[in-house]
Amino acid sequence: MAMQKATFGAGCFWGVETRFGELSGVIETAVGYEEVCTDRTGHAEVVEVTFDPSRLPYETLLDTFFAMHDPTQVNRQGPDWGSQYRSVIFTHNNEQFAQARAKIAELNASGSYRKPIATQVVPATTFWKAEEYHQKYLEKRGMVSCHI
């Protein structure tokens with residue numbers, strides 16, 4: 001089975017990158033787009049995950065994504081606020097889109113959250129990889145986590 005891509009925004013991309021990078025079956029992670037920090041580009045801080053679907057199902061990535069942040073928040077996570085910190089799933093094919101929408105419906109129906117999930121699900125477009133000093137930022141600095 002060929003490697004696949006998945007792209008998620010759940011607040012500060014450094015913590016998100018670290019969490020996804022811990023999963024067995026993740027081949028590579030990359031954080032995207034530095035200029036997003038200005039909150040003037042319309043882009044979100046995201047992590048592109050390259051994964052082996054024979055070892056790691058997309059549903060596990062979804063479960064990890066929803067467990068690592070508060071998906072009911074609009075344009076903020078923890079102390080970070082602005083549209084660049086929105087909860088968003090960029091899907092790379094129709095199957096990912098359907099699975100993401102189904103997971104949101106399942107979580108909303110379960111009562112797991114007091115408010116409805118605000119996560120956007122949209123088709124992926126161009127991924128703008130951030131500069132190298134942003135990649136694996138926490139790891140390079142000997143940090144194990146950020147606030148997510």
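In which strand is the place of threonine 91? Threonine 91 belongs to strand S6, and this strand offers a convenient path into the structure. The model described here is a predicted one. The mean pLDDT of the protein is 86, and 83% of its residues reach 70 or more. Confidence varies along the chain: helix H3 has the highest mean, at 98, whereas helix H4 (residues 137–140) has the lowest, at 62.

Strand S6 covers residues 87–91, and five of these five residues are buried, so the strand is largely enclosed by the rest of the structure. In a regular strand the side chains alternate between the two faces of the sheet. In S6, Ser87, Ile89 and Thr91 point one way, while Val88 and Phe90 point the other way. The residues on both sides are buried.

Strand S6 pairs with two other strands. With strand S1 (residues 4–10), the pairing is antiparallel and extends over four bridges. Valine 88 in S6 is the bridge partner of glycine 9. With strand S7 (residues 120–123), S6 runs parallel, and four bridges join the two. Here valine 88 stands opposite glutamine 120 of S7. Valine 88 thus takes part in the pairing with glycine 9 and in that with glutamine 120.

The path from S6 to S7 includes a helix. Together, S6, helix H3 (residues 94–110) and S7 make a right-handed β-α-β unit. Two residues of this unit may be set side by side. Threonine 91, in S6, has a relative accessible area of 5%, which is under the 20% limit, and therefore counts as buried. Setting aside neighbours within four places in sequence, the contacts of threonine 91 include Gln96, Phe97 and Ala100, as well as Val121, Val122 and Pro123. Tyr58 and Ala124 are also in contact with threonine 91.

Asparagine 94, by contrast, is placed in helix H3. Is asparagine 94 buried or exposed? With a relative accessible area of 70%, which is over the 50% limit, asparagine 94 is exposed. Asparagine 94 and proline 123 are 29 residues apart along the chain, and their C-alpha atoms are separated by 8.6 Å.

Aromatic residues supply a further theme. A search of the whole structure finds five aromatic pairs. In one of them, the rings of phenylalanine 8 and tyrosine 58 have their centres 6.2 Å apart and their planes at 20°; because that angle is under 30 degrees, the pair is stacked. Phenylalanine 8 lies in strand S1 and tyrosine 58 in helix H2 (residues 58–68), so the pair ties together parts that are 50 residues apart in sequence. Both phenylalanine 8 and tyrosine 58 are buried. These two residues also belong to one aromatic cluster, which Phe20, Phe51, Phe65 and Phe66 form with them.

A final stop is threonine 50, located in strand S3 (residues 46–51). Its relative accessibility is 10%, and threonine 50 therefore counts as buried. The side chain of threonine 50 makes a polar contact with the side chain of lysine 5, at 2.9 Å. Beyond its neighbours within four places in sequence, threonine 50 is in contact with Met3, Gln4 and Lys5, and also with Gly25, Val26, Ile27 and Glu28.

Technical notes
Residues are numbered from 1 along each chain as its sequence is written. This is a predicted model: local features need pLDDT of at least 70, side-chain atom pairs count only at pLDDT 80 or more; totals for chains, interfaces and linings use all residues. Side-chain values use heavy atoms; hydrogens and water are left out. Buried means under 20% relative accessible area, exposed over 50%, partly exposed in between (1.4 Å probe, protein chains only). Two strands pair if DSSP finds at least two bridges between them. A crossover is right-handed if, with the strands pointing away from the viewer, the path from the first strand over the helix to the second runs clockwise. Contact means heavy atoms within 4.5 Å. pLDDT is the predictor's confidence in each residue, from 0 to 100. A polar contact is a pair of N or O atoms within 3.5 Å; within protein, one must be able to donate a hydrogen and the other to accept it, and residues adjacent in sequence count only if both atoms are side-chain atoms. Rings of Phe, Tyr and Trp (its six-membered ring) pair if their centres lie within 6.5 Å; planes under 30 degrees apart count as stacked, over 60 as edge-to-face and the rest as tilted.
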